[in-house]
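Here is a friendly walk through one protein model, moving from its sheet to a hairpin, a helix pair and its aromatic rings. Have the coordinates open as you read.

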Amino acid sequence: MRWSSVLLPFLCAGCATPVVCEDTTRPHRVVDQFWSVLDRSYAVFDPRLGDQDWIALGRQACAEVTPSTSDDDLFDVLLGMAQSLDDGHIQLSSPDRDARGWREPWPHYGEEAAVRAWVRTQADVGTFGSGGEGAWTWACLDQVAYLGIRWLDDLGGSGSERSDRQRAEALLDQITTETLRACDARGWLLDVRFNGGGWDAVGLDIARRIEGERQIAWSTAQRNGPEHDDLTDFEDQWLEASEPGAFEGPVIVLTSPGTFSAGETMVLALRERSRVEVWGEPTSGHLSDLYFANLPKRGFHFTYSGDRYRAADGALYEGRGIPVDRAVPYEPGAASTSGDPQIRLAAEQLRTYSVP
């Protein structure tokens, strides 16, 4: 969970002029509020709006509601506006429904269990393990240490960032002192293809376990003005130097369009380490933190992207995903039949690299 807070514009009957709706009924005010918060605070219009006109989209939404519009129909109107931006960080909630503005989520999240089961069959005897409420799994695959990371929060305890980082550090101690040594590892395979995000800081903690100097992992700017491209100056986020005992061998990170949010910022940090390669398919392109806003309808609220993330080399990957060093297409269903070809190929490659 990557939450941020921000002062938001608020529209209400009698205290502000509607922005795109001429009518001031409750459904119209809900549309106005949703449109206005995004118009004034959304940070990634440039990569996500394309050649669409945001004012026209708002007016079209206003035309679709009436004073008697039902809650379900109102929710669908808001969802339509959200999906025009194709942003999975826009998450709409009402008392009876929840939905994301991601038009085409990666369809293979459900295959993670089959991948995990196949890894277990391939693991050296006695080396398969899991932790963090099932979020992480690890194994030795014939001199390759495998670590699959499904999410970077809710690892146990209170669910706070501090407790999750402590739990992550304990898991990393176990993995680096037991699994890597038990494998006599020639390489480390990090599988984040099914990663739904979590805490950025946990991703940085993982990257610190790989040998390297202090370096910029990424930079962020926040929306701070009325124009869609009004942003604060970018502020650098640092990946600290590795500690003694960090892994010095080669690392391959497997990514996919199912690598989301903090899973992606972790990839930004990992790829700054000199012996890391990113394989698979580009990530989903959702790098912002989640900002929260209420709507003038009981129980209606939403989150949105209020930051713009920039890679250490200055590239912006919002909306298009972090590219890979080597393209290896995901093969749906393979883990349940012939075995996971991406893991097979990456593990074979890691065994060929020389170890420092």
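The paragraphs below take up strands, helices and rings in turn. Please keep in mind that this is a predicted model.

**The sheet and the helix across it**

Let us begin with the sheet. It is open, has 7 strands with mixed pairing, and follows the order E4-E5-E6-E7-E10-E11-E15. Strand E4 (129-131) and E15 are the edge strands, each pairing on one side only. Within this sheet, E4 meets its partner E5 (residues 136-140) in the antiparallel sense, over 3 bridges. If you want a residue to look for there, Ser-130 stands opposite Thr-137 in E5.

A helix accompanies these strands: H6 (residues 161-183) lies across E4, E5, strand E6 (144-149) and E7. The direction of H6 is at about 15 degrees to that of E5.

**A hairpin further along**

Strands E12 and E13 form a hairpin with 6 residues between them. In its turn, Gly-299 has a positive phi of about 85 degrees. The bridge partner of Asn-294 is His-301 in E13.

The two antiparallel pairings described here can be set next to each other:

| Strand | Partner strand | Sense | Bridges |
|---|---|---|---|
| E4 | E5 (residues 136-140) | antiparallel | 3 bridges |
| E12 (residues 290-294) | E13 (residues 301-305) | antiparallel | 5 bridges |

**Two helices side by side**

How do helix H1 and helix H3 cross? The axes of H1 (residues 26-41) and H3 (residues 54-63) come within 9 Å and cross at roughly 165 degrees. Angles over 145 degrees count as roughly antiparallel, so H1 is roughly antiparallel to H3. The crossing is right-handed. On the H1 side, the contact is made by His-28, Val-31, Asp-32, Trp-35, Leu-38 and Asp-39. H3 contributes Trp-54, Ile-55, Gly-58, Ala-61 and Cys-62. By character, the residues of this contact divide into 7 nonpolar, 2 polar and 2 charged.

**Aromatic rings**

Finally, the rings: the count comes to 14 aromatic pairs. One of them joins Phe-194 and Tyr-330, whose ring centres are 6.3 Å apart with planes at 80 degrees, so the pair is edge-to-face. This pair links distant parts of the chain, as its residues are 136 residues apart. Phe-194 sits in the loop between strand E7 (187-191) and helix H7 (200-207). Tyr-330 belongs to the loop between strand E15 (326-327) and helix H9 (341-352).

Conventions. Residues numbered from 1 in each chain as written. Predicted model: local features only at pLDDT ≥ 70, side-chain atom pairs only at ≥ 80, totals over all residues. Heavy atoms only, no water. Pairing = 2+ DSSP bridges. Helix = DSSP H or I, 4+ residues; strand = E, 2+ residues; numbered from the N terminus. Axes fitted to C-alpha atoms, helices over the stretch in contact; angles between N-to-C directions. Parallel < 35°, antiparallel > 145°, perpendicular 65-115°, else oblique. Left-handed = near helix turned anticlockwise from the far one by under 90°. Contact = heavy atoms within 4.5 Å. Nonpolar A, V, L, I, M, F, W, Y, C, P; charged D, E, K, R; others polar. Phe/Tyr/Trp six-rings, centres within 6.5 Å; stacked < 30°, edge-to-face > 60°.
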